[in-house]
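I am opening a notebook page on this structure. My plan is to look up contacts between chains, then pairs within each chain.

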Amino acid sequence: MLNILAQPPTDAIPTPDVAWSGLMPLLILSGGAVLLLTIVSLAKDFIPRWFTPIYTVLIGIATGVAAIPLWLRVTDTPSAADPNNGPFATLDSSFGVDGFSVFFTMLFAAVVVLVALLANDYLRREDIDGPEFYVLMMLSASGGIVMASANDLIVMFLGLEILSIAVYVMAAMHSRRIESQEAGMKYFVLGALSSAVFLYGIALTYGATGSTNLVEIREFLSNVILLNDALLLAGFALLLVGFGFKVAAVPFHSWTPDVYQGAPTPVVGFMASAVKAAAFAGMLRVFWLTFGSYRTDWQPVIYGLAIATLLVGSFVAIVQTDVKRMLAYSSISHAGYLLVGVQAATNEGTATVLFYLAAYAFMVIGSFTVITLATGPGDAKTSLTDIAGLARTRPVLGIALTVFLLGQAGVPFTSGFFAKFYVISAAADANSYGLAIVAMLAAVVAAFLYLRIMMAIWLDGDEVADPTELAAAKAGIPVPWGAAVVLVVTVGFTLVFGLWPEPMIEMARDAVPALAIG
Amino acid sequence: MEFDNNWLLSVMTFVPLVGAAIVMAIPKAEEELIKWAALITSLVAAGLGVFLLTDFNYDNAGELQYVADAQWISVINSRYIIGVDGIALPMIALTLLVVPLCIIYTMGHFPEPRNPKALLSLILILETGMLGTFIAQDLILFFVFFEVVLLPMFFMIAVWGGDDRRYASLKFFLYTMFGSALMLVSFLAMYFLADGTIVGDEANTFSMIALSDGATVGIARTSQLWIFAGMFVGFGVKVPMFPFHTWLPDAHTQAPTVGSVILAAVLLKLGTYGFIRIAIPMLPEAAAAWAPFIGLLAVIGIIYGALGCLAQTDMKRLIAFSSVAHMGFVMLGISTLTDFGINAAVFGMVAHGLITGMLFFIAGSVKDRYHTLDMARLGGLLISAPRMGWILGFCAMASLGLPGLAGFWGEFPAILASYNPAAILPEATFRGYMVVAALGTVLAAGYLLWMLQKTAMGTPKDEFVDNPEITDVKTYEWIAWAPLLALILALGLYPKPLFSTTDDAVVKSLQVNVMDDVPDCLNLDTDQGEACFDDLREQFEAAG
């Protein structure tokens, strides 16, 4: 008896090797989220309210720190001493760990920390405090990590859904505001549709190539000449629609203004930074890395999308009067610039996208931090006239917002300048001079939007010039410590990398994606 | 005195920025302290400028001096390269002179809504931007400084401007940004297409030295033409050249006095300086192809600006339109592609900076006293405020190009140069331009004398008789104006020092200097000239 039990089963289900070290950041973040949920459900009454935000910040920092040794490992070249250096994959080649994915992991960790700090005060102010927001945000960010690391289309889809579903709920989080519910609903219905389209794209690509694994698809595409590639191209198109929706590329952008306007402001900051970054990570992984040999087929499409996105984003923004809506259109036009970098389809182009995403994430979180503080309780006062004179009543917020707006406009001495410059240089390098010119002209049109907001906060609002009202306004919205930290970090990031972008550019260049088998 | 001067330019450029930071750190209530801190900062910078002027090696003005070359963004091979030669030196001196004078002027009379702290720090930031543009020898560095100038000026117009300030400031910002957008694409195109290895740099380089020395010689003619077109829009908006000029009257009219002065004295020069420093030396072939067109727009600008002046009722707007005309002469000089014409252009830039800056000062002072610049209501300045009236007369004479004053040496040689443009250019066309430009000087005399008659002559209107506000030139105005007036006269009587400073550098900027043999393609007939450039390209390709 004992002998029989001691014998190994002959037809056991094979389980893939797991390189736990490579999964560490993801496990910390997602595990941290689930653990938080467990703790607060079991010990709701014993948890002080400061615990949740602090916990989230610490988890975010831990995720980032766990990514550092990985970064050092994957960006190094294998040597005799460390044969394991360089990109690797795990979980049966479905989860890749390369400079690219670790870069995004660190970016998401930073976003989690910043948004948690910002949300702390916001949730209390709106009286919707609770651990749900933090749990959902961490889960959503871990979905982003999965997308940036996916080596398999199914894993990519899993990441996309983890990312999205949490954000749908977050958008509707401010349950007493009908606009927030509307935003959540709109985002969910359209998002679910786009996910379905994406899934269909995966199915068609699988049909055309016989695999969902990116490594195998790439091998197949470079070794096999398809006599009829209609199925494959249809798959490309549907996948692109799915990504295009998430990055808010025209013509899949129509949800953006409504959702940005209605959703709670810190959530918008998260959407504009993390969700956009995750979707671009997925797009680069699938299109540039996997479908690279078919770039002549998809490049023109992205070229067209980029032009449409740039033009619609910058021109339609002109007529808006709501600040959150304005920034929604601005985020659309930023997606256009990022597409310019994607369209270049070079390693250099990919590096420009990474640099841009990092610079933009900090600027946009900073902007929405100011908006959160300036618009006051209820998220309702977001029109341009509501924030008029902000720079005079609250100089600190005014100056910070000015820095972010100038950064987004691409004015020198901000990281936004080099972000724009760098994607344009990628376009020029790829000989897409037409696209480069359109992008630069769109920047001029978009500058009008940022100048309008700047003029409103600096020059308008004479009606609050009355000293007593001024004092009241000053007392009305103090800068809470969490938001203050966010502002210092984001302003610092924007200015330092505006003067000396070298370290960040180096990092973005080291973060080249690689498809490893493992 | 012998010491490592590499940091002289950097210190000079960034002192104002440090001063701006200090000014911002001083509490708002300490108004006097703020004013003195700003003034002292600008004087320190000017002091360094005086040292630069004395220490500069004029025998070697064609070469860049005080060169510093440090790493900045090595991944795109953009470096912190700075240096000064005979073309940049007068521009730097002009900037360093005008800014302290503007600060003195503001100290005497603050435009509404006051806030000296903000206005003075903006002026100082502006100074850093302007100086940086003139010392930069790397295209990205140049571009960054070129753009930095925009923001302080935008805020100056938007906050301290006239009734229509928003429109004017937005128009100024967006117009200039539109130009620089295309310029940046051109810079990038040059970065990727030029080959710096010809002159011993890295293949892709933003170094203006390498690009002017012939790294661009291998770029195909069509590409050169397009790249030049992008730069043409960028610099042309800033100049401003005829079709792109419409932001200028609005910006000038709405800007506060010091804003107008800085705009006229220095900011417009950034555009013409860009042509002389970047567009022509780097792309001589394209410059030759574009020159007739530039010359055409220049003369249109001369005539259009003059006619525009005659249609104005507002004194400040008239002076603004006269800038369009004067910059037309500068551009005409540049478009001849001869050392004679470009020397005249640089002289014209300095002269226009002094004279038009001075005219805007006077317009500002008139506005302070009369609270209007409507020429139908002004009049009799010579009676109400005789000294100011005479100064206005003096400046109007200088502006219309009276021999013996600085304006003459900017206009007359430019006209003369277009009689004899570079051989590669169509001679007959340029002679036609010369005739039209000469007509322009007549019109200039017309509108300036007309302005003088409307404002200075006659008797004061009833509403302004015995108005206690209308006083003669005040002390702070004397201090701010005297150096400009003296220079207008001095340069008019003895222009040689300025011409001899710029000459070597101008001659060098027109040389197509590759592989040690110096073919002077610009000085061959049109067909031969083009063949010469083609030949160069082939030689370069053969050499690999």
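**Entry 1: the interface**

How many salt bridges does the rule find across the interface of chain B and chain A? I looked, and the count is zero. I note that I am working on a predicted model.

Next I checked what the interface does contain. I find 31 residues of chain B in contact with 35 residues of chain A. The two chains bury about 3100 Å² between them, and 84% of that is on carbon and sulfur atoms. I also looked for polar contacts across the interface, and the rule finds three residue pairs, both residues at pLDDT 80 or more.

Then I listed the elements on the side of chain B that touches chain A. Strand S1 (65-73), helix H5 (139-148), helix H6 (150-160) and helix H7 (165-193) of chain B each give two or more residues. The largest share, 15 residues, comes from H7(B). By residue class, this side of chain B has 27 nonpolar, two polar and two charged residues.

**Entry 2: salt bridges**

I searched the whole structure and got 20 salt bridges over all chains. I looked up three of them.

In chain A, I took A:Lys186 and A:Glu182, whose closest N and O atoms are 2.9 Å apart. Both lie in helix H7 (residues 178-209) of chain A, four residues apart, about one turn of the helix. Buried or exposed? A:Lys186 is partly exposed at 29% relative accessible area, and A:Glu182 is partly exposed at 42%.

In chain B, I took B:Glu285 and B:Arg221, which meet in a salt bridge at 3.2 Å, N to O. B:Glu285 is in helix H12 (residues 284-310) and B:Arg221 in helix H9 (residues 221-238), so the pair ties together parts 64 residues apart in sequence. I checked accessibility here too. B:Glu285 counts as buried because its relative accessibility is 4%, while B:Arg221 is partly exposed at 26%.

My third pair was B:Asp534 and B:Arg537, at 2.8 Å, N to O. Both sit in helix H21 (residues 526-543) of chain B, three residues apart, about one turn of the helix. B:Asp534 is partly exposed at 35%, but B:Arg537 counts as buried at 9%.

Which residues are linked in a network of salt bridges? I found B:Arg221, B:Glu285, B:Glu530, B:Asp534 and B:Arg537 linked in one. Both chain B pairs above belong to it.

**Entry 3: aromatic pairs**

I counted aromatic pairs and got 62 over all chains. A:Phe287 and A:Trp298 form an edge-to-face pair, with 5.7 Å centre to centre and 75 degrees between the planes. This pair links helix H11 (residues 265-290) to helix H12 (residues 295-317) of chain A, 11 residues apart. A:Phe287 is buried at 1% relative accessibility, and A:Trp298 is buried at 1%.

I then turned to B:Phe361 and B:Trp481. Their ring centres are 6.4 Å apart and their planes stand at 40 degrees, so the pair is tilted. B:Phe361 lies in helix H14 (residues 339-370) and B:Trp481 in helix H19 (residues 475-493) of chain B, 120 residues apart. B:Phe361 is buried at 1%, and B:Trp481 is buried at 0%.

**Entry 4: one threonine**

I ended on A:Thr290, which lies in helix H11 of chain A. A:Thr290 is buried, with a relative accessible area of 0%. What does A:Thr290 touch, not counting residues up to four places away in sequence? I noted A:Leu214, A:Ile217, A:Arg218, A:Leu221, A:Arg285 and A:Leu515.

Notes
Residues numbered from 1 in each chain as written. Chains lettered and ligands numbered in written order. Predicted model: local features only at pLDDT ≥ 70, side-chain atom pairs only at ≥ 80, totals over all residues. Heavy atoms only, no water. Contact = heavy atoms within 4.5 Å. Buried area = accessible area lost by both parts, 1.4 Å probe. Salt bridge = Lys/Arg side-chain N within 4 Å of Asp/Glu carboxyl O. Polar contact = N/O pair within 3.5 Å; in protein donor to acceptor, adjacent residues only side chain to side chain. Nonpolar A, V, L, I, M, F, W, Y, C, P; charged D, E, K, R; others polar. Phe/Tyr/Trp six-rings, centres within 6.5 Å; stacked < 30°, edge-to-face > 60°. Buried < 20%, exposed > 50% of the residue type's maximum accessible area, 1.4 Å probe, protein only.
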